[in-house]
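The notes below are meant for a colleague who is opening this entry for the first time. Please read them alongside the sequence and the 3D view.

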Protein chains: 2
Amino acid sequence: MIVLAALEAAPAHGYAIIEEIRRRSGGAFDLPEGTVYPVLHRLETSQLLSSHWEKSPIGRRRRVYALTKHGSASLAARRTSWVQFSSAIEALLAEPKLCRT
Amino acid sequence: MIVLAALEAAPAHGYAIIEEIRRRSGGAFDLPEGTVYPVLHRLETSQLLSSHWEKSPIGRRRRVYALTKHGSASLAARRTSWVQFSSAIEALLAEPKLCRT
DNA sequence: TCCATTGCCTAGCAATACTAGGTATGGAAG
DNA sequence: CTTCCATACCTAGTATTGCTAGGCAATGGA
């Protein structure tokens, strides 16, 4: 979900995605390459991302990923799941405090 | 963290913990026994829980778990981690929307 | 020439959620 | 009395996956 969200605003290549996630999360998520690249491959296999090779301004090869239609839909679904999940966690964490009122 | 939180209010045995989690989460977390029992064993090995055998009113044996001091401290730490984690997720999920203002 | 940075990749380990079984008791239903 | 359901515990094994720890390659600066 994090990777899909990072690609929501604009397509990007792996290295940039990692930096974007680190930046947006205020450093909370500093995902190593060994985590992100396999995720990108899995997401592409699942048709949630599409990719093509590009050359950077200085000539380095890059694989640029973009959300597919399925990817956008999946992200929307994951967002909903996240809200339900985090609400449930909040409920579980909050309840004991109610008893101590 | 969920299991620790379920035991915060009062000690309980495995089966009751599962039902309590299901109830508190409004059904969102319906954890199978194969998930919860190993967790309880791990938490006890890590000294976050203590246990003893009891007899239920009708004579069935039960293993009742309680938070230890370490367990309470760990739960507090996990709560803090959760807040940071979920804040970071929110930041990652929210940002693109800001751009479309 | 050497190293840091950018940029991609994967093999393998470790953790763990869950499936799919097993055991045992008590009470209710037939 | 036997069968079934609910309670109550357990674990072996599988599948997933995050991460460590490497490797490869090109560029540009020291």
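1. In this predicted model, an N or O atom in the side chain of Thr35(B) lies 2.9 Å from a phosphate oxygen of DNA strand C. Chain B also approaches a base of this strand, since a polar backbone atom of Gly34(B) is 3.4 Å from a base nitrogen of DNA strand C. From chain A, an N or O atom in the side chain of Arg60(A) is 3.3 Å from a base oxygen of DNA strand C.

2. The elements that give two or more residues to the surface near DNA strand C are α2, α3 and β3 (61-67) of chain A, together with α3 of chain B. Of these, α3(A) provides the largest share, with five residues. Sorted by class, the surface near DNA strand C has seven nonpolar, six polar and seven charged residues.

3. Counting everything around it, DNA strand C is surrounded by 20 residues, and the closest are Tyr15(A), Glu33(A), Tyr37(A), Arg62(A) and Arg63(A). Of the atoms of DNA strand C that come within 4 Å of the protein, 62% are accounted for by sugar and phosphate.

4. Turning to the other strand, 21 residues surround DNA strand D, and here the closest are Tyr15(B), Glu33(B), Tyr37(B), Arg62(B) and Arg63(B). Sugar or phosphate makes up 61% of the atoms of DNA strand D within 4 Å of the protein, while the rest belong to bases.

5. Three individual contacts with DNA strand D deserve a look in the viewer. A backbone N or O atom of Tyr15(B) lies 2.6 Å from a phosphate oxygen of DNA strand D, and a polar backbone atom of Gly14(B) is 3.3 Å from a phosphate oxygen of this strand. Chain A contributes through Gly34(A), of which a backbone N or O atom lies 3.4 Å from a base nitrogen of DNA strand D.

6. At least two residues of the surface near DNA strand D come from each of α3 (33-45) of chain A and α2 (14-24), α3 (33-45) and β3 (61-67) of chain B. Within that surface, α3(B) gives the most, namely five residues, and the residues there divide into eight nonpolar, six polar and seven charged.

7. It is also worth examining how two of these helices are arranged within chain A. Helix α2 (residues 14-24) of chain A packs against α3(A) at an angle of about 120 degrees, with the axes 10 Å apart, and α2(A) and α3(A) are therefore oblique to each other. Their crossing is right-handed. On the α2(A) side the contact is made by Gly14(A), Tyr15(A), Ile17(A) and Ile18(A), and on the α3(A) side by Glu33(A), Val36(A), Tyr37(A) and Leu40(A). These contact residues of α2(A) and α3(A) divide into six nonpolar, one polar and one charged.

8. How do the corresponding helices of chain B cross, and at what angle? The axes of α2(B) and α3(B) come within 10 Å and cross at roughly 120 degrees, which makes α2(B) oblique to α3(B). The crossing of α2(B) past α3(B) is right-handed. In this pair, Gly14(B), Tyr15(B), Ile17(B) and Ile18(B) of α2(B) meet Glu33(B), Val36(B), Tyr37(B) and Leu40(B) of α3(B), and by class the contact has six nonpolar, one polar and one charged residues.

Note on methods. Residues are numbered from 1 along each chain as its sequence is written. Chains are lettered from A and ligands numbered from 1 in the order in which they are written. This is a predicted model: local features need pLDDT of at least 70, side-chain atom pairs count only at pLDDT 80 or more; totals for chains, interfaces and linings use all residues. Side-chain values use heavy atoms; hydrogens and water are left out. A residue is near a molecule or strand if one of its heavy atoms lies within 4 Å of it. A polar contact is a pair of N or O atoms within 3.5 Å; within protein, one must be able to donate a hydrogen and the other to accept it, and residues adjacent in sequence count only if both atoms are side-chain atoms. Helices (H or I, at least four residues) and strands (E, at least two) are DSSP runs, numbered from the N terminus. Ala, Val, Leu, Ile, Met, Phe, Trp, Tyr, Cys and Pro count as nonpolar, Asp, Glu, Lys and Arg as charged, and the others, Gly among them, as polar. Axes are lines fitted to C-alpha atoms, for helices over the stretch in contact, and angles run from 0 to 180 degrees between N-to-C directions. Angles under 35 degrees count as roughly parallel, over 145 as roughly antiparallel, 65 to 115 as roughly perpendicular and the rest as oblique. A crossing is left-handed if the near helix is turned anticlockwise from the far one by less than a right angle, and right-handed if clockwise. Contact means heavy atoms within 4.5 Å.
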